[in-house]
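Student: I've just opened this one and would like to walk through it with you. Could we start with a single residue and then widen out?

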Amino acid sequence: MTFEEFCIKAIDVSFKTRGRDWDGWDCWGLPYVAYKEVYGILIPSFTECYRSIKQKDLIASIFNKGKVDGWHPEDEAQEGDIIIVYMDGRGMHCGMAMNKHRMIHADHGINTGTEKISEYKLEGIYRRDGM
C-alpha cells in the first residue's frame, strides 16, 4: 500500500483513545498504523504512556524532549513526517505530513481528516531516520 492509498482509506476512520488499528485510532495511532502498513516499520505504540485523551501531550513531550530514538527534527515537512502542533498552548497533538503543505490527523470529536499544516502553530516536524 502506498502512503497515498493509506490516506484515502484512512479518511473518516473513527477517533478512539489508544486505538491502534482500523477500528479506530487516536492522533498517534494513525502514524502507528501507517508506519506499520506502508513502510513496514514498527514504531512505539505509546499506549502505556497515557490513560486518557487528557494526557495525549505526553506523546508530544516524548518527541520534543528528544526521547525517541531514530527521529530527528526537520524544517520542512515531507510525506510520512510526524507533525507536532500546539493546542491549548502545548505541543500536544500530532498528525502525519502528506506533503509539505497538508497533514492527515485524527482528534477527539472528529474522524480522520486532512488539513493545511499552516493552519496550526507547529511545535516541530520529525522525520524517521533513513526516510
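**A walk through the model**

Tutor: Arg 20 is buried, with a relative accessible area of 11%, where buried means under 20% relative accessible area, exposed over 50% and partly exposed in between (1.4 Å probe, protein chains only). Before going on, note that this is a predicted model in which local features need pLDDT of at least 70 and side-chain atom pairs count only at pLDDT 80 or more, while totals for chains, interfaces and linings use all residues. Residues are numbered from 1 along each chain as its sequence is written, and side-chain values use heavy atoms, with hydrogens and water left out.

Student: OK, and which element is Arg 20 in?

Tutor: Arg 20 belongs to strand S1; helices (H or I, at least four residues) and strands (E, at least two) are DSSP runs, numbered from the N terminus.

Student: What does the side chain of Arg 20 join in a polar contact?

Tutor: The side chain of Arg 20 makes a polar contact of 2.6 Å with the side chain of Asp 26. A polar contact here is a pair of N or O atoms within 3.5 Å; within protein, one must be able to donate a hydrogen and the other to accept it, and residues adjacent in sequence count only if both atoms are side-chain atoms. A polar atom of the Arg 20 side chain also lies 2.7 Å from the backbone oxygen of Ser 45.

Student: Let's zoom out, then: how many helices and strands are in the chain?

Tutor: The protein chain has three helices and eight strands, and along the sequence they follow the pattern α-β-β-α-α-β-β-β-β-β-β. Of its 131 residues, 48% are buried.

Student: What about contacts between residues at least 6 apart in sequence?

Tutor: Taking contact to mean heavy atoms within 4.5 Å, 54% of the contacts between residues at least 6 apart in sequence join residues at least 24 apart.

Student: Back to single residues: where does Asp 81 sit, and is Asp 81 buried or exposed?

Tutor: Asp 81 is in the loop between strand S3 (71-74) and strand S4 (82-87), and it counts as buried because its relative accessibility is 1%. A polar atom of the Asp 81 side chain lies 2.9 Å from the backbone nitrogen of Gln 78. Leaving aside residues up to four places away in sequence, Asp 81 touches Tyr 35, Glu 76, Gly 95, Met 96, Ala 97, Ile 125, Tyr 126 and Arg 127.

Student: Tyr 35 is an aromatic, so how many aromatic pairs does the count come to?

Tutor: The count comes to seven aromatic pairs, under a rule by which rings of Phe, Tyr and Trp (its six-membered ring) pair if their centres lie within 6.5 Å, with planes under 30 degrees apart counted as stacked, over 60 as edge-to-face and the rest as tilted. In one of them, the rings of Tyr 35 and Trp 71 have their centres 5.4 Å apart and their planes at 65°, so the pair is edge-to-face. Tyr 35 lies in helix H2 (residues 29-38) and Trp 71 in strand S3, so this pair ties together parts that are 36 residues apart in sequence. Both Tyr 35 and Trp 71 are buried.

Student: Which residues do ring pairs link into a cluster?

Tutor: The cluster linked by ring pairs holds Phe 3, Phe 6, Trp 22, Trp 25, Tyr 35, Tyr 39 and Trp 71.

Student: And which charged ends sit over rings?

Tutor: The charged end of Lys 9 sits over the ring of Trp 22, 4.3 Å from its centre, and that of Lys 121 sits over the ring of Tyr 86, 5.0 Å from its centre. The criterion is that NZ of Lys or CZ of Arg is within 6 Å of the ring centre and within 35 degrees of the ring normal.

Student: Changing topic, how many disulfides does the structure hold?

Tutor: The structure holds zero disulfides, a disulfide being a pair of cysteine sulfur atoms within 2.5 Å. For Cys 94, the closest cysteine sulfur is that of Cys 27 at 3.8 Å, which is too far for a bond. Cys 94 counts as buried at 1% relative accessibility, and Cys 7 is buried with a relative accessible area of 5%.

Student: Last one: what is the phi of Asp 12?

Tutor: Asp 12 has a positive phi of about 75° although it is not a glycine. Most residues other than glycine have a negative phi. Asp 12 is in the loop between helix H1 (3-10) and strand S1 (20-21), and it counts as exposed at 52% relative accessibility.
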